Structure formats: C-alpha cells, structure tokens
Amino acid sequence: MDRRKAHRELGQMGVMSRGLLLVILALTVSVSTAYKVGVGRADCTGPSVEITFMGYAQVTQRGTGIHLRQYARSFVIEDESGSRVVFVSVDAGMMGHAVKRDVLAVLQKKYGALYTHENVVISGSHTHSTPGGFLMYLLYDLTSLGFVPETFNALVHGIAQSIIRAHNNMVDARIYVAETEVLDANINRSPSAYENNPEEERAQYRHNVDKTLVQLQFVHARDGTPFGAINWYAVHPTSMNNTNRLVSSDNVGLAAVLLEQERNPGALVGKGEFVGAFASSNLGDSSPNINGPKCEKTGLPCDVLTSSCPSGAGACFASGPGRDMYESTVIIADRLYRAAAGLLSAQNTKAREVTGPVGFVHQYVDMTTAETVHFDRGTRTMARVRGCLPAMGYSFAAGTTDGPGAFDFQQGTITDNVLWNAVRDFIAEPTQDDKECQAPKPILLATGRARFPYDWQPKIVPTQLLVVGDFAMAAVPGEFTTMAGRRLRTEVARASVAAGGRDLQVVVAGLSNMYTSYITTPEEYEIQRYEGASTLYGPHTLTLYLEQYKKLIGALVRNESVPAGPTPPYEDDKQISLTTGVIFDSHPLGKDFGDVKVQPEPVYERGATVSAVFIAGNPRNNLMHDKSFFTVEQQQMDGNWSVIATDANWETR
C-alpha cells in the first residue's frame, strides 16, 4: 500500500484509538517494499537476408534466414525516493552510441527527462550472428558495406519498445542476488597473454577465465514469485561459427529462451511475463569452444603463442563441445540455463536480498587526451601515462581461434612489415609519437588518423555506473579480458569503501552504450595477441579506465556531480551505405505469394526433419517484429489448431 494513502485513510478513522492507529500504521509500513521493478521484452530482429553479420568481419557471411530472433530485454528499477535506472540486454553484436541516442529520443518524447544517457545502460550480448551496419564508425561497418538503416532502425524500435513495456509493467518487488559456478562453459582463448599477468595476482584465482554466473533476481513483493532475472557470465557467443548464415542470438540467446520457456509455461518464444537475460560481461578472452584450438587438417594443437599451424596443416580454430556448431550451441546454452534456473528455484538458499537506494553516474571521456599515474607491478615504480590515438595492431588481422583472419597474419606479432606498412600509410600514416605511444603494438591501421569519409573508431567514450543497494553494474564500452574485468571489479569496490560507501558487489556489464573493441591489462598488451592488438588507446587503456571508474564511484558515494564531458561527434549525415535496398520483389508469373512449391510429407517419424518450400516476399520488406514468418500448428482434441512454434524457436530454421 502507498504510505501517503495509508496515512490519509488512517486519519479518517477518528473512532479508533491512537494506539490501534499506530499498530495498523506499523503493519502497513512493514509490508511496503523498497523497489518498483518493471521488465519488458521486444523483438529487434534486423534484416535476415542479404546483410553481412557483425562479429567475424567476413563480407561473405551474409544472412539467408532466421534461426533465433533477436530480442531486447529491459529492466527498470526504482527505489522509494523515485531514483530510477534501466538496464537493457540486447541480442546484438554490441551497442552503438547513435542507437542509444535515438532510443532515448523516442523515450523522451513520451516521458520527458525520465530516461537519459546517465541512468540507462544498453548492453549488447555480443552474438556474432546478427546483422551489422549500425555503429556509424567506418572500421566496424566496413564489412557490412557501410551503414544499414534497416539494422539500425530495428534495434532502435525494439530496444525502445522493450523499455516502454518495462515502464508500463512496474510492480512492487524485492531484489536478490545469487551466484554459482559453471565450470564447463568457457576456456581462455589467449592463455599466453593471461600468463603474462603477475604470478601473485594469478594466484588469487583458481581459473584463467571467470567461471561465476551472477544473477540479479526480481520477485513479486506479494508472494515472492520471480518475474525477471539478469544473468552475467563471461563467455563469447561464438558457438555459431563464421560459416553460419542464419540470424541467431547464439548460446546466451538460446539460454535466455530456455529460461523464459521454463518460467512462462505454454507461452510462445518471446512471450510471457517472466523476462530473463544473459548479458555480456568481461568476455574478451573467454571462448565457448571448450575443445580448444586445433589445426584443421591434422587435429593437433595449434601453437600457443601465435595460434598458427605448420604448413599444410590448415587453419587453427577452436570448436566444441558438440559435433557441430548447432550441437555446441545447445550444450553451452543448456549449461548456462540450468545454472540460472537452479538459482531461481524455490530450493535455492544462495540468494541474498539487495536493499538500499538506486544511484547512477555517467561521463564521456576523451581517451586520446586522458592521463593518470600508473603503478608498474613488475618494476614497482610509478609513472605518468596517457591514452593514444586509436590504432589496430598486426595481430588484429589474424583474428581469433573462434574465427581466424585472412592472409598470413599471426597472433603475437610485435614486428611490422614494409609491404603492409605501405598499405597502412596510404590509408593514414601514423606519426612517430603514435608508434611510441602504442608500443609494443606494431600499427597495422592508424584508425585515429583516418577521417575519410568519417571517423574509423571512437575517441570519446561513455563511462557509466548503475548501483542498486550494494550491487553495482560497471557499464564498459568494449570487451574487457578476464583479468582486466577482475581489476575493474576490485578497484570499484575498494574505491566505494574508501569514499565512505558500501562494500559493493560489482559486475562488469560489457559492450555497453558504444563499442571500442578490446581492453586488456598492460601485461597482456605486451604479448600482442588479438585482444591486445585490438586495444585501441595503447598499453594503458585499462589503467585509464580504472582511474575513471574509481572517480565515478567516489563521486556517486559522496553525492557529487560530475561534468558531462565532451560529446561524441554527430556523423549521421556522413554515413555511406553501399548495400542497396530491395530493388525487385515479386512472385513468378502464374503463382502468388504463399503458394506452396514443395508440400511436406503426409507422415513423419519422430525426430525427422519436416520441410516445405513456398513462395514468399523478401524478408527485408517486412521484419515481422513480434510476429513470425511462419507458424507450426498442432490440431487439438477439439479439432482446433494451436500455434506451438514460430520462427523464433530453436527447432525451426
């Protein structure tokens, strides 16, 4: 019951004694709840055909259909003072600043200044099997042949709709946090870089990747029934490899579908009250392909440092645990889902209740001019360090064991090549200062110097923290490696206590609000694996972030305001798109849309694949949000037909 309403009603009951009034008031206050929470889900599937997927950077990996739809899952949390935050997990490769900006523009037309850059976090799940072309930075949109309005608009519409639904569904709630280990769902894909971290630091952890699944639970205040959960687990959604051509939210997306289907019995995929997200964390060097990297033709292990194979042995790539990518996706998804479901079960005693106010802080930072003091763990000395102009190293072109790159580039490369330097300098030539700042990274692409036709990579980045009681979400604009994320969690928690605040439990909310590739530790950077070569702002990128997030949590604890910082550039008007629209879309002469060309068989054995071929329009002309391109129906005992599956189900391709 609302407290003000309780006071008003009690004041009208003049015949009751003062003592009885106080007893009733005490009971009223005791059953009130500190939080209101809303959850919402919306379809944000982009164009499923003819558009290159974002993630593996292969122009030839263009969509040919749908396996799993993309969803945005939103969670609005408000404390009793009215302070409100929003966390959104999206089935997308990452998040773009312009997407968030336009989502907020939609919300602000409806709700005024209620939702802003400061209190809304939008995090991409990092699936590599969804349409690209939405980031508005040339390097990231290049393989999608530039900006793709259909992808961009689908994300904006779906994310905004999911937040609106969460806004409209707010109820009295209690919040709990629980965690459990999932040991068989990830491995470190760059162990040689991880091993370069200080031995005493590595000794604090049992594994070279994070194995803990952290779950934030939302339950109805009236009866304790769960209606939402956010799960953070550090694993790349790359079980579906670069041969896949069907839109898919990959392992974490399937885990979310499985959890929601369990909690919404009888509901179709994407429907039902319960909303469960599996959000990205410090997944930078964490792979789901747990059988490890092997040489394609021999099956022997690849070189640990370079992830290369002897001549004639084929490419080095990791796979497993299944016999193919579909089975691997199911196995990893099932392990994550079962762990999350166990934490939500009535028998779980691991959860602790979260109490306390909601807070948020946000600031833009120009990473190319940022400076701080760095303590070198090896030499035990202090030095002034700075950020560099963005640049990508040679090992970036080598790709990863989840998706190898092109040509003969190898991971771990710390020397350059005259031929490739000539190509680099033709695009944009780095200065001597650039080379020294980025060392030991040999610069393959001086993206910070490249401005044609618009910026190739960001210079100004968003940094943000959401705090609910003693639970903090550090929203970071990229892929933190395992140890980078561990350092961030530790430093934010320490800084909170040092500022006079609570001892926080911190999760890293990865790929949030903007994408800036990877963030490694300075020690990992020295090895120049793919992750280090893709750390944009030089060897002390993490050092600068740690200082920034310590500053943010200190300001939040002390209730101090922070300047907004410089705004990322508006470059919508400079975007180039080489992907044509649907030029011609019609049915053959004498046929019509919907006509069946190949009918299914009249009878199938259990486990067989049912297939049909029919005439359809180009899916790009209607993305069918919150709908389906087809349905699977089952005849009931009364003779009526019921929809039991759509194009969003795992079982349908």
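1. Buried, as used throughout this note, means under 20% relative accessible area, exposed means over 50%, and partly exposed covers what lies in between (1.4 Å probe, protein chains only). The structure is a predicted model, in which local features need pLDDT of at least 70 and side-chain atom pairs count only at pLDDT 80 or more, while totals for chains, interfaces and linings use all residues. Residues are numbered from 1 along each chain as its sequence is written, and side-chain values use heavy atoms, with hydrogens and water left out.

2. On the salt bridges, the criterion is a side-chain nitrogen of Lys or Arg within 4 Å of a carboxyl oxygen of Asp or Glu, and by this rule the count comes to 38. Side chains of opposite charge can pair when their charged atoms come close. One of the pairs is R84 with E78, whose closest N and O atoms are 2.7 Å apart, and both R84 and E78 are buried. R41, R73, D91 and E260 are linked to one another in a network of salt bridges.

3. Secondary-structure elements are named as DSSP runs, helices being H or I of at least four residues and strands E of at least two, numbered from the N terminus. With that naming, D434 forms a salt bridge with R449, the closest N and O atoms being 2.7 Å apart. D434 belongs to helix α11 (residues 432–438) and R449 to the loop between β23 (443–445) and β24, so this pair ties together parts that are 15 residues apart in sequence. D434 counts as buried at 8% relative accessibility, whereas R449, at 38%, counts as partly exposed.

4. A further salt bridge joins D470 and R502, with the closest N and O atoms 4.0 Å apart. Here D470 sits in the loop between β24 and β25, and R502 in the loop between α12 and β27, so the pair ties together parts that are 32 residues apart in sequence. D470 is buried, its relative accessible area being 12%, while R502 is partly exposed at 38%.

5. The strands next to these loops belong to an open sheet of four, in the order β17-β24-β25-β27 and with mixed pairing, where two strands pair if DSSP finds at least two bridges between them. Strands β17 (358–366) and β27 (505–509) stand at the edges with a single partner strand each, so one side of each is left without a neighbour in the sheet. Neighbouring strands of the sheet are turned by 15° against each other on average, direction ignored; axes are lines fitted to C-alpha atoms, for helices over the stretch in contact, and angles run from 0 to 180 degrees between N-to-C directions. Strand β25 (residues 471–475) runs parallel to β27 and is joined to β27 by five bridges, and V508 in β27 is the bridge partner of A474.

6. Two helices should be read together with this sheet, taking contact to mean heavy atoms within 4.5 Å. Helix α12 (residues 482–498) packs on the sheet and touches β24 (460–468), β25 and β27, its direction making about 140° with that of β27. Helix α15 (residues 541–557) lies across β17, β24 and β25, running at about 45° to β24.

7. Within the edge strand β17 lies V365, which is buried with a relative accessible area of 14%. Leaving aside neighbours within four places in sequence, V365 is in contact with A370, K459, I460, V461, T463 and Q548. V365 and F134 are 231 residues apart in sequence, and their C-alpha atoms are 22 Å apart in space.

8. Two other buried residues deserve a comment. H97, found in helix α3 (residues 97–111), has a relative accessible area of 11% and is buried; apart from residues up to four places away in sequence, H97 touches H117, Y364, N513, M514 and P568. S192, in helix α6 (residues 191–194), counts as buried at 16% relative accessibility, and beyond four places in sequence S192 is in contact with V304, L305, I527 and R529.

9. Turning to the surface, L419, V423, F426 and I427 make a nonpolar patch of about 440 Å². Patches are made of residues with over 30% relative accessible area and no salt bridge, like charges being joined within 9 Å and nonpolar side chains (Val, Leu, Ile, Met, Phe, Trp, Tyr) within 5 Å; accessible areas come from the Shrake-Rupley method with a 1.4 Å probe, and for residues only the protein chains shown count as cover. V423 is found in helix α10 (residues 418–427) and, at 39% relative accessibility, counts as partly exposed.
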